[in-house]
Amino acid sequence: MNILSAENLTKSYSEKTLFENISFGIDDNDKIGLIGVNGTGKSTLLKTLVGVESLDEGQIAVGREVKIQYLSQTPDYDSNETVLEHIFKGESQEMKLIREYELVVQKLENDYDNIELQDELTKLNIKMDALDAWKMESEAKSILTRLGINNFRSKMGTLSGGQRKRVALAGVLIQPAELLILDEPTNHIDDNLIEWLESFLNNRKGALLMITHDRYFLDRVTNRILELDEGKLYSYIGNYSVFLEKKAEREQEVVNKELKRRNIFRNELEWIKRGARARSTKQKARIDRFQQLKESKVDLREQNMDMTVGSRRLGKKIINIDNVTKSFESNTIIKDFEYTVLRDDRIGIIGANGMGKSTLLNLIDGRLTPDSGNIDIGETVVIGYYSQENFEMDESLQVIEYIKEVAEYITAGDNNKITASQMLERFLFSKEMQYTYINRLSGGEKRRLYLLRVLMENPNILLLDEPTNDLDVQTLTILEEYIQNFNGAVITVSHDRYFLDKICDKLFVFMGEGQIKQFTGNYTSYIKINPNVAMNSNDKDNDDKVKVDTKSNYKQRERTPKFTYKEKLEYEKIDGNIEKTEKKISEIEEKIGKAGSDFVRLQELTEEKEKLEDDLENLMDRWEYLNELAEKIEQYKK
């Protein structure tokens, strides 16, 4: 069933047209990935669907009963509201009730013996029961906990950017909606959470439209891909792998048509040169067709540029890391680490945030010095470092000027010269875009330009710190191809599973307390052997430690474990509630067995059973949390 229709949408910014006359529909069972080069207008398209951005032309029709929930790439928030206040912002009856309930619970925590508040809470309990709001409240806290947000009373202003994005994600996921629209939902969450989110979205009823650069995520969640390419929208049925195949077929078809057009054009041009005259209707029609052929020319993108770029000569001695130790205050980040970098190394660095992955790259590049040990760099080594930090550009320059500051050209493997302009085209900057000023580029386009500048320095060792962040899947594919043909060592920090599998054959795994484990193989091989290990996501604010008030943080850590008033009531009742739910499920199963061929009744019973099973799962999650808290309280008393 169609729940949203978009007809002839057009959107421009000044002279740049993002998309023009695009149309598409979304059905209730669609799980769509929206992909395209950075700067093509993907996020803008999502914003137009939810009314955040206006359209130049076109119209969007949404079903009367269809509710949409939208996760922005940079969600808005009130710095003074708590986590719970933020996620229970909806105007539905349930949301208003939950907000009122949470406020009374919070007051009771500070005034436990207040009889009026206890009476008010009892009345609210009855209302919560009547609206079945407990499930929504419990699910919200369960999702927050899974996303690494444990203090529900924290002010939004004290959280890091990554934490705020996760809170916003939780707020979107708990709200009833027929369509979820998510902009980069996998940012700021680690692999375990990505797997949980994959499962959540796959099991969730309703449609999904999302932007993500995580290609494994696209493969596992989507059943349809929309590609925004040069202002046009292309639809493919299937996941990301199917999309790659079908896109290649589409592009080959375009090439074949253009080659056929050129062949006909050459023949018609010869006819025109022989002195065609529009004296007859037939000849006039043929001349008109010639003009149409001339005007219908398609620019075929150069897909076969040699990416085997000739790097500088690399001598026998490359990089020797000898018993290096590095600490910050009392925290040892790297301890007694040693490794000899080989000419063709492809090394991925993984581990939780704050463990020192970027620190290792900074030590190799000489931006930091080790506390002990030595890093010996060969005389012929020229390092190209793509860093998350120190990312500065003179935005008054044109794109091509920024690249030409480094080099006018580089030499390919066959000794032919590749100009700066050609390399820019290869990295998805058209000839027109090359004369655009940098201050007019999107954030993703700037990252892509910065990456190309590093490569234009003609290094023979590449250090890449989270190169996949903010880059579109097309740019990632180009980067992977470049690395595969690169004549030198590559060492990269990344949380992108697809990227690591594609380019790395060794891993440095940061285990904590300064220990770094070396592993031969790619990321998937490592996870098969160590299934409980996962990398933390790229959350720079977490790397730098969350900027919160240290005194209140200290008090929070040292606070005596105890139940809130509501948790105490819940703990006393939860075993009975689990038993009642299990009994109801058994009763439903008996009714299903007796329903026979009454398919309408069977459907009703099956849906009721599924709802009860969901309730039971939520109850078991809460039972686990409450019992763990009870154990901590008992241990503290001892």
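A residue counts as buried here when its relative accessible area is under 20%. With that in hand, welcome to these views of a predicted model.

**Figure 1. The whole protein chain, as a starting point.** Of its 638 residues, 47% count as buried. The chain is built with 21 helices and 20 strands. About 33100 Å² of the protein chain is exposed, and carbon and sulfur atoms supply 46% of that area. Among contacts with a separation of 6 or more, 69% are between residues 24 or more positions apart.

**Figure 2. The largest nonpolar core, seen around L173.** This core has 55 residues. Which residues have the most contacts inside it? They are L144, L173 and L201. Leaving aside residues up to four places away in sequence, L173 touches I143, L180, W196, L197, F200 and L201. So L201 appears twice in this view: as a neighbour that L173 touches, and as one of the residues with the most contacts inside the core.**Figure 3. A second core, separate from the one above.** This core has 46 residues. Its members include I403, F427, Y450 and L500.

**Figure 4. K446 and its partner E395.** Helix α14, which covers residues 443-456, holds K446. Is K446 buried or exposed? Its relative accessible area is 16%, and because the cut-off for buried is under 20%, K446 counts as buried. The side chain of K446 makes a polar contact with the side chain of E395, at 2.9 Å.

**Figure 5. N8, a residue with a positive phi in a strand.** Most residues other than glycine have a negative phi. N8 is not a glycine, yet its phi is positive, at about 50°. Where does N8 lie? Its place is in strand β1, which spans residues 2-13. N8 has a relative accessibility of 40%. Partly exposed is the class between under 20% and over 50%, which means that N8 counts as partly exposed.

**Figure 6. E513, a residue with a positive phi in a loop.** Here, too, the backbone is worth a look. Phi of E513 is near 55°, a positive value in a residue other than glycine. E513 sits in the loop between β19 (506-512) and β20 (515-520). How does E513 count, buried or exposed? With a relative accessible area of 73%, E513 is exposed, because exposed means over 50%.

Conventions: Residues numbered from 1 in each chain as written. Predicted model: local features only at pLDDT ≥ 70, side-chain atom pairs only at ≥ 80, totals over all residues. Heavy atoms only, no water. Helix = DSSP H or I, 4+ residues; strand = E, 2+ residues; numbered from the N terminus. Buried < 20%, exposed > 50% of the residue type's maximum accessible area, 1.4 Å probe, protein only. Polar contact = N/O pair within 3.5 Å; in protein donor to acceptor, adjacent residues only side chain to side chain. Contact = heavy atoms within 4.5 Å. Areas by Shrake-Rupley, 256 points an atom, 1.4 Å probe, with all protein chains shown as cover. Core = buried A, V, L, I, M, F, W, Y, C linked by side-chain atoms within 4.5 Å.
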